[in-house]
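Work through the exercises below with the sequence and the model side by side. Each task is followed by a solution that proceeds step by step.

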Amino acid sequence: MGLFSKYEDPGKGVSKNPDKKLPFFRFFELYFQHFTKLILLNFIYIICFLPMFAGIIVMQLFISEDSSLYYLAFYLIVALSGIIIGPATCGVAKLCRNMSIEKPTFMWHDFWSTFKTNFKQGAIMGVIDMLFISAVSVSFPMYYNMAESSNIFYVPFAICLICSVIFLMMHFYIYFLIVTTDLGLWKILKNSFLLTAIDIKSSIINLVVTAIVLILVVIFFPYTAILIIILPTFMVFLYAFNCYPVIRKYVIQPYYDERGERNPELDYIDEDGETVFVDAPEFEEAPPKEKGGLRQKRETSGNTVPRSSGSGKKKKTIR
């Protein structure tokens, strides 16, 4: 087991969770457990960006930079690439979510299954994201240059900055809600905004880490270019680790509570991450002997938590 775990100490028994780790250490423990899978997932994700890069290269071959169509074609290609990048981000979010809660994953199958299942919402959200990135890339330099001649333009610059930060923090939840619920896109955006405000601590942690990583990548570029094979899935895994428990608490659990059903995720873990199957020898009965000395296996009522049996007629809204 663990190198420094005290599994041989005398006592009443062995705890199911003897060495509960701080979230920081738990995050890196889970991350390195799935490190190989995350690297492979990152390569799949990068492949989904290739159509955008191919389109830009073809555009540069046939359209001169001095032409008025150059920037129009460039931003059009970037926006349309969201049709593929959005669903691909859904696939990455689903796999990172499952890894963060230690749910079994099947890399290739789960990624493309999620890609197809959430294609519509993922594509719309992907296009919105790419349009937003394009707008920000134009507005920030424009307002900054205009502010040098007149201080009044610092106002729209500040507004753009605030809107960008809020929209970025909403993305800590958006794609996880897409792959977890059957809500409409407008409700997903609304809930993402509310969750960002409700758990502002996690949002700020994610924002600070994201800002530090981006700054370091820019400062030490091109040496940090190699990190492209690690960073995308690392960041999504970080968001899943910090934010999916918030989604479970404020979105998923209320859904089951309203119906008087048990959340299937809690069949294995409770809210503190501890196992709910607890050994209770004082409540166990000795199994009766059968003829021939064989023992009959019997399930006792004190050791397991019953699973809910939801009606098949209800629409499934939690995935």
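## Exercise 1: A residue on helix α10

Ile219 is exposed, with a relative accessible area of 56%, where exposed means over 50% relative accessible area, buried under 20% and partly exposed in between, with a 1.4 Å probe and protein chains only as cover. This is a predicted model, in which local features need pLDDT of at least 70 and side-chain atom pairs count only at pLDDT 80 or more, while totals for chains, interfaces and linings use all residues. Residues are numbered from 1 along each chain as its sequence is written, and side-chain values use heavy atoms, with hydrogens and water left out.

Task: Find the helix that holds Ile219, and work out which of its residues are buried and what they pack against.

Solution. Begin with the position: Ile219 belongs to helix α10, residues 200-219, helices being DSSP runs of H or I with at least four residues, and strands runs of E with at least two, numbered from the N terminus. Next, list the buried residues of α10, which are Ser202, Ser203, Asn206, Thr210 and Val213. They lie on the same side of α10, because they cover an arc of only 105 degrees around the axis, the arc being that of the directions from the helix axis to the C-beta atoms. The general rule behind such a pattern is that an α-helix has 3.6 residues a turn, so residues three or four places apart point the same way. Then turn to the face directed away from the buried side, where the exposed residues Lys201 and Ile219 are found. Finally, identify the neighbours: the buried residues of α10 pack against α7 (154-170), α9 (185-198) and α11 (231-258), a contact meaning heavy atoms within 4.5 Å.

## Exercise 2: The surface and the bend beyond

Task: Which residues form a nonpolar patch on the surface, and which peptide bond is cis?

Solution. The patch consists of Ile200, Ile204, Val208, Ile212, Ile215, Leu216, Ile219, Phe220 and Tyr223, which together have about 900 Å² of accessible area. Patches are made of residues with over 30% relative accessible area and no salt bridge, like charges being joined within 9 Å and nonpolar side chains (Val, Leu, Ile, Met, Phe, Trp, Tyr) within 5 Å. The areas come from the Shrake-Rupley method with a 1.4 Å probe, and for residues only the protein chains shown count as cover. For the second part, the bond from Phe221 to Pro222 is cis, with omega near 10 degrees, and Pro222 sits in the loop between α10 and α11.

## Exercise 3: A network around Arg26

Task: Name the partners of Arg26 in salt bridges, and say where each of them lies.

Solution. The structure holds 2 salt bridges, each being a side-chain nitrogen of Lys or Arg within 4 Å of a carboxyl oxygen of Asp or Glu. One pairs Arg26 with Glu29 at 2.4 Å, N to O; these two are separated by about one helical turn because they are 3 residues apart in helix α1, residues 23-33. Arg26 is partly exposed at 26% relative accessible area, and Glu29 is likewise partly exposed at 27%. Arg26 also forms a salt bridge with Glu102, the closest N and O atoms being 2.5 Å apart. This pair links distant parts of the chain, with Arg26 in helix α1 and Glu102 in the loop between α4 and α5, 76 residues apart. Through shared partners, the salt bridges join Arg26, Glu29 and Glu102 into one network. Glu102 has a further feature, a positive phi near 60 degrees in a residue other than glycine, and at 47% relative accessibility Glu102 counts as partly exposed.

## Exercise 4: The whole chain

Task: How many helices and strands does the protein have, and how does helix α2 fit among them?

Solution. The protein has 11 helices and 0 strands, and 34% of its 319 residues count as buried. Among contacts between residues at least 6 apart in sequence, 69% join residues at least 24 apart. In α2, the buried residues are Leu38, Ile39, Leu41, Asn42, Ile44 and Tyr45, and their cover includes α1, α4, α5 and α11.
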